[in-house]
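Hi,

Here is the structure I promised to pass on. Have a look at it first, and my notes on what turned up are underneath.

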Amino acid sequence: MTLQQLKYVIEVAGRGSMNEAAKRLFISQPSLSNAIRDLEEEIGVTIFERTNKGITLSKEGAEFLGYARQVVEQAELLEKRYLGAKPSPQHFSVSTQHYAFAVNAFVNLVNVHGQEEYELALRETKTYEIIQDVKTLRSEIGILYLNEFNSKVMGRLLKDAGLVFNSLFTAKPHIFISIHNPLAKQSIVTIDQLQAYPYLSFEQGEYNSFHFSEEILSTLSHPKSIRVNDRATLFNLLIGLNGYTISTGVLSADLNGNEIIPVPLDCDESINVGWICHKDAALSKLALAYVEELKEATAEQPGN
């Protein structure tokens, strides 16, 4: 087992593709594949499962990756300390539902921990893809919510994927609306009062099940309904069409301005927002730092 082989495994896991990893490593794809197969044979573990659709980390591979990252990080510290080597660019990826606090935490992470070179990824994406990203370690951290309605289905998916859910905070539902919306001056709104306004929700693509919805009360019918793919579009429609969406009530004026406000929704539901990770993989230093930034960004939320 060599340090170079460990770096190969880390790069392939991060890219999710032998071809892409080989390009980044400036070696041929057959050479990379052979190096990893040699390593697998040496340690007696199948790190990557190969299928017609590509490669994914095995359960044992995810555990191995965690140790490999630690070894490579320690080796780089030694090289920097005694050989004056330039530190390698930092790598970290997170997949999340469309939460402003996740972006705030990411900004703080980069400001505090970013070196001269880094390669980071923040993916605001669909719920099912978040689970798949973390399962395959394309992302170390995923951010989503659980509630009474979706917890059984989501819990089973997380368990089958070898993932664990870590709660950040529990919130009561709010609507996000424009400050110019007629409901903006109310201290609380009811479901019936919302019927006259366009309901905005995030598209979930192929897996558009109620259980994957980013918005609670997803089984309710709406006379006016619009699906979108990104947060900026949704916010523009909240303003332009006097629409509304249902979320945690957590907004950032620094990133989102003051045109959108949260108003409490009169219902008995609750939203448990948290982060998921692979139970068999040790988190990198940046991932651990990001979790701390998440806690800081949500520290004042109810339930913390």
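A quick definition before we start: in what follows, Ala, Val, Leu, Ile, Met, Phe, Trp, Tyr, Cys and Pro count as nonpolar, Asp, Glu, Lys and Arg as charged, and the others, Gly among them, as polar. Also, please keep in mind that this is a predicted model.

With that in hand, let's take the enclosed spaces. There are four cavities of 30 Å³ or more. The largest cavity holds about 150 Å³ of space, and of the 16 residues lining it, H98, F176, F202, T245 and S247 come closest to its centre. Helix α8 and strand β10 (245-247) are the elements that give two or more residues to this lining. Sorted by class, the lining of the largest cavity comes out at nine nonpolar, four polar and three charged residues.

The second largest cavity has about 40 Å³ of space. Its lining is made up of I191, L194, Q195, L220, S221, H222, Y244 and I246. Here the split is five nonpolar and three polar, with no charged residues.

Now for an open space: the second largest pocket, at about 590 Å³. It is lined by 27 residues, and the closest to its centre are I55, T56, L57, Q132 and T136. Which domains does the lining draw on? At least three residues come from each of domain 1 (1-88) and domain 2 (91-303). As for elements, α1 (3-15), β1 (48-51), β2 (54-57), α6 (127-135) and α7 (151-160) each supply at least two lining residues. By class, this pocket's lining has six nonpolar, ten polar and eleven charged residues.

A word on the N-terminal stretch. An unreviewed UniProt entry annotates residues 1-58 as "domain: HTH lysR-type". In the model, that span is 62% helix and 14% strand, and its end C-alpha atoms are 19 Å apart.

On to the charged pairs. The whole structure has ten salt bridges. One of them joins R24 and E119, with the closest N and O atoms 2.6 Å apart. R24 sits in helix α2 (residues 18-25) and E119 in strand β4 (residues 118-124), so this pair ties together parts 95 residues apart in sequence. Are the two partners buried or exposed? Neither, quite: R24 is partly exposed at 45% relative accessibility, and E119 is partly exposed at 27%. The pair also belongs to a wider network of salt bridges that links E11, R15, R24 and E119.

Strand β4 also contains E124, which forms a salt bridge with R231 of helix α8 (residues 231-240), so parts 107 residues apart in sequence are tied together. The closest N and O atoms of R231 and E124 are 2.8 Å apart. R231 is buried, with a relative accessible area of 13%, whereas E124 is partly exposed at 28%.

One more to look at is R227 with E203, whose side chains meet in a salt bridge at 3.9 Å, N to O. R227 is in strand β9 (residues 225-228) and E203 in the loop between β8 (199-202) and β9, so the parts tied together are 24 residues apart in sequence. R227 counts as exposed, because its relative accessibility of 51% is over the 50% cut-off. E203 is partly exposed, with a relative accessible area of 24%.

Cheers

Conventions
Residues are numbered from 1 along each chain as its sequence is written. This is a predicted model: local features need pLDDT of at least 70, side-chain atom pairs count only at pLDDT 80 or more; totals for chains, interfaces and linings use all residues. Side-chain values use heavy atoms; hydrogens and water are left out. On a 1 Å grid over the protein atoms alone, a cavity is a set of points where a 1.4 Å probe fits but cannot get out, and a pocket is an open set with protein on both sides within 12 Å along at least five of seven lines; lining residues have an atom within 4 Å of a point. Grid points are joined across faces, edges and corners, and a volume is the space filled by probe spheres set on the points. Helices (H or I, at least four residues) and strands (E, at least two) are DSSP runs, numbered from the N terminus. Domain bounds come from an automatic or database domain assignment. UniProt positions are given in the numbering used here, feature names are shortened, and annotations may be inferred rather than shown by experiment. A salt bridge is a side-chain nitrogen of Lys or Arg within 4 Å of a carboxyl oxygen of Asp or Glu. Buried means under 20% relative accessible area, exposed over 50%, partly exposed in between (1.4 Å probe, protein chains only).
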